[in-house]
Amino acid sequence: MPSIIACFKWVVDEAYIRRSPSGDLDFSAVDYKIGEYDRNAIEEAVRLKETLGVKTIAITVGLPEATKGVKDALSRGTDEAYFIADSSFGNLESSQTAFILAEVIRTRIEQYDIIICGEGSSDLYAQQVGPRLAEKLGIPCISFVQKFSIGKDQLVAERRVEEGIEVITAPLPALVTVLPDINVPSIPGVKDTLMAGKKPIVKITKDELPPIGQPLLRTVSITASRMERSCERFGTDAPEITRFVGSLRKKGVVG
Amino acid sequence: MDFKFTEEQELIRKNVREFCVKNVEPIAAEIDENSRHPAELFEKLSAGGWMGIPIPQEYGGAGADFLTSIIVVEELSRSCSSTGFTVSTHAGIMCMMILLFGTEEQKKIYLTPMAEGKRLGAFCLTEPGAGTDVMAVTTAAVLDGNDYVINGTKTFTSNGPTAGTYIVFAWTDKSAGRKGMSTFIVPREAPGLRVGEHFKKMGLRSSQTSEIIFKDCRVPKNNLLGKEGAGLPMAMTGFDGGRVGIAAQCIGILQAALDESVRYSKERVQFGSPIARNQAIAWMIADMATDLSAARFLTYHAAWLKDQKLPFSKEAAMAKLYASEAAMRHTIKAVQIHGGYGYCKGAKVERLMRDAKITEIYEGTSEAQRMVISGIVLR
């Protein structure tokens, strides 16, 4: 039976990040969520399931505490979940995540038609996991997708690019990374959430995987953005406007 | 003691919050101002399965435990206490009474459409001459062939104008005293049922409240809920769960008052600094947060006891008493913190204060709760 895989990441909910008086970021009271665009990916998979009658699989790589995220994904309508977890998976890079996903999909899931990823994660937004995963699996990747449909053995996707909309066809199996324009995720009902834990979850540990490559990047720091205000006030009469323009010139904002 | 919610309960709370931000918050002020029942919102609540949360799935509900339904009521009430109240009493009392005391046929005919949100329920006990003194009820039901014929007037019926199914309490044998009242399921279409005067209220204005008049109202005798004479004990059982629901409504109101007060006090600058830096304001907020926490734990504990099938009448009364008085006390303070702005239409705290008052009155006044608690403690 054809199946659709939706990838998601359990990320810090940025609404709970606080800024300490010194300007440092305070993560002590954070909650977690499925990344915004990943929700769109799961929603799209579930909608296709309803129209095409296919099986949907949610897959994620993360810390063992992310069980709530797996239940969240299942409560949104996916049929089963693959949860690859280890306590060292808290800060994986895109290259490592893509490697793990590719390994599991290739060896454990095997048969699939479409993989749907969010365009980027809600935390780092590197936008790399989707394309890297497609490359490792040797399947076509279409990014910035705002709409797509499935034909016989192919998919037709609309990409939103700077110049306009590109329409691309690709043979199946294929991978798409989706933009939030693609759908509005439904809010799971109470029944959906209660039934989620009863659906099959395949748990995979780090030991069951081949060695994961070393990170290629080193995060030096993560700080809050600062907005510097010079707090100059200008009036609206002609001399004041002249002074305003002069100030912009001095700062190099206007030529 | 495990004070943690389950992962499912945490996810459900988040989902309700998201639902509220998208669907309830944008209309809460308008439906209060216009005393409007938002049918479009209740369709969404019904479609999302939010109307029968503690009712088993085989009868159209979500099959969740009572504590989960309390979480949902709390979050709904945080955005609009009329909506939270309607969902709470509909599922927690009206649906629950048919679940606990109904025959399989009654559950199929009446409970399932209610749990699915297709028909709203209404509870008809209070009368113009009978509030806390339930024995002063005069509505009577007489068996006539295959029907009961009901005559009387009920008042302050929440969902009166909008309900499809009424749970009605009437004497079948006045001489039997506390064992002489019976309960009936009366559909809206029953001949002789009329919706009377609609009440214009200080608060909870979106919840529709009216008289219901029964004049030779006929229902088949199969619509007797439970046994003849069991009405009062059934009502008391209904109230226990209902009280925890009101307590949940109150903690939603309190949380909203706290959210507004914290936000406003950090933004409002007087004498060169935010008023949150003033000890008087900070202490008001400290008291608000503390009483909210206390009300929370009383409420969750009462709900937990019910889920464990342990007696919870005392705890339900305590939760309702404490949470309602705290909600009133602190919404007054929330208006005070907001100053003149808090007194004007458009400020959320103005609506919260008006909404809080009724929680000290309905589902048993604070005085009645004290009677229940002292009656148990002084045994």
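Strand 11 of chain A, residues 164-171, lies largely in the open, because the number of buried residues among its 8 is 0. Buried here would take 20 or more other C-beta atoms within 10 Å of a residue's own. Keep in mind that this is a predicted model. Below: who strand 11 pairs with, what chain A puts against chain B, and how chain A splits up.

**Strand 11 and its partner**
- Strand 11 of chain A runs antiparallel to strand 10 of chain A (residues 154-161), and the pairing covers 8 bridges.
- To get from strand 10 to strand 11 in chain A, the chain goes through a hairpin of 2 residues.
- For one specific pair to look up, take Arg159(A): its bridge partner in strand 11 of chain A is Glu166(A).

**Where chain A meets chain B**
- Chain A puts 13 residues into the contact, and chain B puts in 17.
- On the side of chain A that touches chain B, two or more residues come from each of helix 2 (67-75) and helix 5 (190-196) of chain A.
- Helix 2 of chain A is the top contributor to that side, giving 5 residues.
- Sorted by class, the chain A side that touches chain B comes out as 4 nonpolar, 5 polar and 4 charged residues.

**Domains of chain A**
- Chain A splits into domain 1, covering 3-208, and domain 2, covering 225-255.
- Go from the C-alpha centre of domain 1 of chain A to that of domain 2 of chain A and you cover 45 Å.

Conventions
Residues numbered from 1 in each chain as written. Chains lettered and ligands numbered in written order. Predicted model: local features only at pLDDT ≥ 70, side-chain atom pairs only at ≥ 80, totals over all residues. Buried ≥ 20, exposed ≤ 12 C-beta atoms within 10 Å, placed from the backbone. Helix = DSSP H or I, 4+ residues; strand = E, 2+ residues; numbered from the N terminus. Pairing = 2+ DSSP bridges. Contact = placed C-beta atoms within 7 Å. Nonpolar A, V, L, I, M, F, W, Y, C, P; charged D, E, K, R; others polar. Domains from an automatic or database assignment.
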